[in-house]
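I opened a notebook page for this model and went through it element by element. The entries follow the order in which I looked things up.

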Amino acid sequence: MPAGLKPTSRRSADPGADGGPRGGDTLIGNPPWWEEELTADERRVLDPGPGELDPRPDVLVVGGGAVGLAAAVMCRRVGFGRVQVIERDRLASGPSGSAAGGLSPGINALARPAPFIALANESLTLFHELDAEWGGALSLRTIDWLIVSPDRIAPDSIDVPGVSVVDAQAARSVEPKLLPELGGAISVPAQSWVQPQRLAIALARRAGSVATGVTMTAMESTGGRVVRVSTSAGDVSPGAVVLATGNAPADTPVPTVVMKGHLLVTEPSPDPPRNGIASSIIALPLPGGRLLAGGTFDLGDEEPVVRDDVVRGIRAELSRILPATAGLATERAWCCFRPGTPDELPVIDRVPGLENAWMSVGHFRTGLLMAPAAGRAVASWIGGERPGGVEAFALSRFS
């Protein structure tokens, strides 16, 4: 140990030290469909290997999913010249790399509190700014959604800007392929979609130094500051640390809820729907005519396997809401564990007791959506200015 470094505390860095499922784990079951679309060069970007770590970065980001990579990008944008990202597997190997790709503040506005929606809208704006700045590297698509119901929906039951209730006739005029027994729908227009792993690739190319196959094993602190981070590839002495590990490390007081979910992709449809459709699942047309379906909540299932009964349930509901899909073959089904908190909101805050360490964890199903704005908030905070709008995501709400 170099002279003068006398750590007063040592923190475990294993988010799954309790042995339970971890939201940041390697993909489980089948790999997601998105991997089929990657070129050899894109695969190399997602898994560059450990390389040689920057021993004294301005910022060390632990976690190479969308949240961590976006935090790294935003740190560089505010002027931190040396940013090091480490990921224990390959980039986007956790839930953000197997997500559906929806970027939908409007849908979230139906159930989530105002501070979340404000940050989500900020994030979607950032997505479009980055895509324009990067020459279309994110390949964002605009998606209109219909949330369908077998019952009539009262027109005055929804009070969300841009979101409206439509009757069955109006819904079918937008999407003629909908189920026959339709009572009404909620229209959520002008949302966005991104291919999750290509998002990770675009972020990684602008995130500074990126290393994969590197595990953080401990943080050493003295005087309330992180002075050393031990990793499987050597020690790092960063100016600041960002934990973006899905779940928080086990010895931080963040309550954790992990929920398994399934998705599948069908073969190309000769006449796919024009819109995203949502009921108890989502159904989303992909480029090339395939349909993405699923987004289940598999309560109590902690086994890292694709469940045939869950896949059958997704197909049954897909056939119910879009009868023309009944004959389409399933080309791929996969699952992952999503890391969350009891109130389904992320924790974006300092690590307790450490003045130069932050965490952006527990994003549940919205890590992709929230990544740019959460990253900008953390980057601003590291730079000395606590951002507005993040008070609702403080760890203290659980005390």
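**Entry 1: β2 and β3.** I began with the residue opposite Val85 of β3 and found Val61 there. The model is a predicted one, and I read every value below as computed from it. Strand β2 covers residues 59–62 and runs parallel to β3, with 4 bridges joining the two. I then asked how many residues of β3 are buried. The count is 5 of the 5 residues in the strand, 83–87, so β3 is largely enclosed by the rest of the structure. Next I sorted the side chains by direction: Val83, Val85 and Glu87 point one way, while Gln84 and Ile86 point the other way. I noted that Glu87 and Gln84 are among the buried residues of this strand.

**Entry 2: the sheet around them.** I traced the sheet and got 6 strands in the order β8-β3-β2-β12-β19-β18. The sheet is open and its pairing is mixed. Its edges are β8, residues 209–212, and β18, residues 347–350, each of which pairs on one side only. On average, neighbouring strands are turned by 15° against each other, with direction ignored. At the β18 edge I looked up the partner strand, β19, which spans residues 357–361. These two are antiparallel and share 4 bridges. I picked out one bridge here: Arg350 is matched with Trp358 of β19.

**Entry 3: α6.** Which elements do the buried residues of α6 pack against? I listed α1 (40–46), α2 (66–77), α4 (114–133), β8 and α8 (367–382). The strand in that list, β8, is one of the sheet edges from the previous entry. The helix is mostly covered, with 8 of its 9 residues buried. I wrote these down as Pro196, Gln197, Leu199, Ala200, Ile201, Ala202, Leu203 and Ala204.

I stayed with Gln197, which sits in α6, residues 196–204. Its relative accessibility is 0%, so Gln197 counts as buried. I wanted to know what its side chain reaches, and found the backbone oxygen of Gly97 at 3.1 Å. The backbone nitrogen of Gln197 has a contact of its own at the start of the helix: a side-chain oxygen of Gln195 comes to within 2.7 Å of it.

**Entry 4: positive phi.** As background, most residues other than glycine have a negative phi. I looked at two residues that depart from this. Ala92 has a positive phi of about 60° although it is not a glycine. It lies in the loop between β3 and β4, the latter at 102–103. With a relative accessible area of 1%, Ala92 is buried. Phe364 also has a positive phi, near 55°, and is likewise not a glycine. I placed Phe364 in the loop between β19 and α8. Its relative accessibility is 10%, so Phe364 counts as buried too.

**Entry 5: two loop residues.** I looked up Lys177 in the loop between α5 (168–174) and β7 (184–193). Is Lys177 buried or exposed? At 17% relative accessibility it counts as buried, because the cut-off is under 20%. Leaving aside neighbours within four places in sequence, I found Lys177 in contact with Asp271, Pro272, Pro273, Ile321, Leu322 and Pro323.

I then went to Pro270, in the loop between β13 (257–266) and β14 (276–278). Pro270 is exposed, with a relative accessible area of 80%. I also took one C-alpha separation from it: Leu328 is 58 residues away along the chain, and the two C-alpha atoms are 9.7 Å apart.

**Entry 6: the whole chain.** I left the totals for last. The protein chain has 8 helices and 19 strands. Its radius of gyration is 21 Å, close to the 21 Å from the globule rule for 399 residues, so the chain is as compact as a globular protein of that length. The C-alpha trace spans about 75 × 45 × 40 Å along the principal axes. Of the 399 residues, 57% count as buried. I checked the contacts with a separation of 6 or more, and residues 24 or more positions apart account for 77% of them. The exposed area of the chain is about 15800 Å², with 50% of it supplied by carbon and sulfur atoms.

Note on methods:
Residues numbered from 1 in each chain as written. Predicted model: local features only at pLDDT ≥ 70, side-chain atom pairs only at ≥ 80, totals over all residues. Heavy atoms only, no water. Pairing = 2+ DSSP bridges. Axes fitted to C-alpha atoms, helices over the stretch in contact; angles between N-to-C directions. Buried < 20%, exposed > 50% of the residue type's maximum accessible area, 1.4 Å probe, protein only. Polar contact = N/O pair within 3.5 Å; in protein donor to acceptor, adjacent residues only side chain to side chain. Contact = heavy atoms within 4.5 Å. Rg over C-alpha atoms; globule rule 2.2 N^0.38 Å. Areas by Shrake-Rupley, 256 points an atom, 1.4 Å probe, with all protein chains shown as cover.
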